Amino acid sequence: MKKITYSQFFSKHDRKILPIIRKATVGIAGAGGLGSNIAFSLVRAGIGKLIISDFDKIEPSNLNRQQYFIEQIGMPKVKALRDNLRMINPFSACEIHEIKLNEENIPIIYKNVDIMVEAFDKAEMKQMLIESWLIRFPEIPLIVASGLAGFGDNEKIRTKNLGNLFVIGDETAELDDEISPMAPKVGIVANMQANLVLELLIKNSKR
Amino acid sequence: MRKTILVNGREMEWEENLTIDEILKRNKFSFKMLVVKVNGKLIKKEEYKSFVVPPNADVKVIHLISGG
């Protein structure tokens, strides 16, 4: 197996912001379409540590948008994701939890993060996370995704800011349960979430 | 003088005992899963029928849509 050094990986990173990113811990709730894409981007960006939770295992239909491979079908998502991330950047720590998240375990698992990112599929879970997070950790930013179905309409994908809650998506398109979102828009929303993570880390470090 | 509130930036007439539930009905917020903030404070789902909105309140409602 090939190896690289820390300075090889980070040779072209922006020297001014790298120390901030290296110190950061980001929580991701969900390792599906959004979560796996967010994790890939943050790890490539050099994030210090990720904490990722998902109870699910990889199915063939997941491959249309989630950052997994045919060889990994049947594996728990968080284990496969950690393997994949290590093959990209071994200098980002990855703490995984193969667990179904709820109001009780979220504050325990994610209590030390600098920023929290929601990457669930079901709207009920999104609401559960928002309500428990904003009441328990009102000072830690939470970035949520809402509305990423279908294709096209790039200009409709927006970021809404409500204090420490950020909502990214087109907030309109909902397909029925049998149809999954498509890779391009999932990737766009996930990367807008990851991009906002970096923006908040840099902005908050200046305070 | 007519008292009003803002709902997602738009003015709406205020009246006594105006609950979140009533505001959602009148503005036809159709999705079941929502985030509601009044003057920056999160209002939980179980309080929608009981929380009374004061005049000049800034109400923000966001749809939570499945997918991810």
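Q: What is the volume of the largest pocket?
A: The model is a predicted one, and the space in question is open rather than enclosed, since a pocket is an open set of grid points. For the largest pocket, the space filled by probe spheres set on its points comes to a volume of about 930 Å³.

Q: Which residues lie nearest the centre of the largest pocket?
A: The lining of this pocket counts 40 residues, and they divide into 15 nonpolar, eleven polar and 14 charged. Among the elements, helix H6 (residues 123-136) of chain A gives the most to the lining, with three residues. Those that lie nearest the centre come from chain A and chain B, namely A:Arg65, A:Asp121, A:Lys122, B:Gly67 and B:Gly68.

Q: Which three residues of chain B supply more of the area that chain B buries against chain A than any other three?
A: In the interface, 19 residues of chain B are in contact with 29 residues of chain A, and the area buried between the two chains is about 2,000 Å², with carbon and sulfur atoms giving 61% of that area. On the side of chain B, a share of 32% is supplied by B:Ile62, B:Ile65 and B:Gly68.

Q: How many residue pairs are in polar contact between chain B and chain A?
A: The side of chain B that touches chain A holds ten nonpolar, four polar and five charged residues, yet the rule finds zero salt bridges across the interface. Polar contacts, by contrast, are found, and with both residues of a pair at pLDDT 80 or more, the count of residue pairs between chain B and chain A is twelve.

Terms used: Residues numbered from 1 in each chain as written. Chains lettered and ligands numbered in written order. Predicted model: local features only at pLDDT ≥ 70, side-chain atom pairs only at ≥ 80, totals over all residues. Heavy atoms only, no water. Contact = heavy atoms within 4.5 Å. Buried area = accessible area lost by both parts, 1.4 Å probe. Salt bridge = Lys/Arg side-chain N within 4 Å of Asp/Glu carboxyl O. Polar contact = N/O pair within 3.5 Å; in protein donor to acceptor, adjacent residues only side chain to side chain. Nonpolar A, V, L, I, M, F, W, Y, C, P; charged D, E, K, R; others polar. 1 Å grid on protein atoms, 1.4 Å probe; cavity = no way out; pocket = protein on both sides within 12 Å on 5 of 7 lines; lining within 4 Å. Helix = DSSP H or I, 4+ residues; strand = E, 2+ residues; numbered from the N terminus.
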